[in-house]
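Trainee: Could you take me through the sheet in this one, slowly? I'd like a close look at how its strands are arranged and what packs on them.

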Amino acid sequence: MTTAATRAKQIELEAAQRRVIERLKATPPQRRSPARRAAIVAIAGLLFAVAFAARLAVNDPDALLANFYIVPIAVLAIEFGTRAGLVAAAVAFALVPAWSVINSVHVDALGYVSRGAAFLLTGVIVGGFSDRLRKDIAERQDAQRDLALYADQLEGSNRGLARSVERLEAFAEIARAVGGETDLERILSLIIAHGREIVAARTLVIYLPYGAELAAVSGTARRSESQPRLPVDGSLAGQVLLTGEPWRVGADGDRSQLQQLSPDATEAILVPLVFRGETLGVLAAINGAGERRFDDEDEQLLMSVAASAATAVATARSVAAARLRLSVEAADQARARWARELHDETLQGLTGVRMVLSAGLARDDAGALRRAADTADEHLGEEMRKLRDLIAELRPAALDDLGLGPAIDSLAKRQAAIGGFAVDVAIDLESERRLAPDTETAIYRIVQEALSNAVKHAAAEHVGLRVSQLSDRVQLAVDDDGRGFEPGGVRNGFGLTGMRERALLAGGRLWVNSADGGPTSVTAVLPLPDRQVRGPE
């Protein structure tokens, strides 16, 4: 049976138990006081006596005074029910022959039958009505009690339903955060905030292992200095981390261990953050004095919240590892490219300079030596320019000195001069605030590589460059009208792979659209969280 079905059965059983308890606690119908009953009996007896005395006084067989016995019969039947009505009818019927004997009056059978039938019908009808009325009143009272109980249960169910909806919305927010965010700090912050709503805890803390200690992640999802780190050995959180089992401790637990979590903690639940069998941390819910006590349902809910937190931590670690791997691969490829350029261009150029100078020295001619020196000086100037370009690729000084926009504009003009094409540059960046250094570098490198490919391979006549900053992202595009290529057929080289990896490391994506015969378009989108924006330097 699923957890939901088990919970539904439990709720149904609890409701039935409450109904039984309420019925047992229900006050039985109040019985009429003995004094009142005695007074009714006395009144009825007096009425019988008055009617019998009147019958004795009037010595007329045709007088209908015996019918007055119906009044006390009805009084007794109303008060005591059908049985009392039958007893009263029997007493009244007995008074008829008593009268006939005392007054020596003969009453025929029809007289006895008619009077007896009247007395009997009065007792039965009035008594039956009285019994049914009392029964109806009792049933109505029971129904009112049941209705009040059901109303209380309905109100409680409505509160529970509202609580369940709130929890469902909180879980949905957590799921959206885990599925749509890559920043661990923001995800954990959302999980802590919504987790407190789900469990109704005063404090929720996530502990992540750092060496032999556990660092607390506070409500802002940052390690809090106000909450000291806990040792893995000798703490409740450490015990949960090592065993991978949830732990609940109340006011009767170890006070010192509770104070490790919070100075005024009196109740706590700690559950492990488990992802694919690996315990990644601990989630603790804490309440203080005068606050509600945790139950089994709270523990189950907290474990569900912990599962989302574990997924977030594992995903963040996976993304960080992937980015580190890509960063290392990109650095290795960049070093390989610089090594090739140093070998194929700079080293070859210096070798040519040496050969020119050696030839001038070998001719033992001052004019030839001067011409050789001039040629060598020209070659050295060219090689120095190439070295400066190569050094600029390591960390372009223009990016630090001028900012991203001017640096890209200067880069585009230099590459256009080298490649012999016209370039249209459109840059829309906020001038008052700088982007994070890593983001600026990624944008610059992607533009640089796209322009370099246009210079080396495209044979383009016109290149368009657009860089625009939106509220949450930066978009860039480099288009050329060159010969184009098949992106799927490119396997080697730093170019396309390096651009894609730089975009991925910055949390964005890059697309290359081209075909044989052109044109070619390189488009990238890099996310821009608010905290990546910095003030002017």
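Mentor: Sure, and one term comes before anything else: two strands count as paired if DSSP finds at least two bridges between them. Keep in mind that this is a predicted model. With that in hand, look for an open sheet of 6 strands, paired antiparallel, in the order E3-E2-E1-E6-E5-E4. Now check the two ends of that order. Strand E3 (230-231) and strand E4 (247-249) are the edge strands, and each has a single partner, so one side of each has no neighbour in the sheet.

Next, zoom in on one pair. Strand E1, residues 203-210, runs antiparallel to strand E6, residues 278-288, and 5 bridges join them. If you want a spot to click on, try isoleucine 206: its bridge partner in E6 is leucine 283.

So much for the strands; now for what lies against them. Helix H6 (residues 184-199) packs on the sheet and touches E1, strand E2 (213-217) and E6. Compare directions and you'll get about 140° between H6 and E1. Helix H7 (residues 236-243) packs on the sheet too, and its list of contacts is E1, E2, E3, E4, strand E5 (265-275) and E6. For H7, the angle is given against E6, and it comes to about 145°.

To put the picture together, trace the order E3-E2-E1-E6-E5-E4 once more, then find H6 touching E1, E2 and E6, and finish with H7 and its contacts, E3 and E4 among them.

Note on methods. Residues numbered from 1 in each chain as written. Predicted model: local features only at pLDDT ≥ 70, side-chain atom pairs only at ≥ 80, totals over all residues. Heavy atoms only, no water. Helix = DSSP H or I, 4+ residues; strand = E, 2+ residues; numbered from the N terminus. Contact = heavy atoms within 4.5 Å. Axes fitted to C-alpha atoms, helices over the stretch in contact; angles between N-to-C directions.
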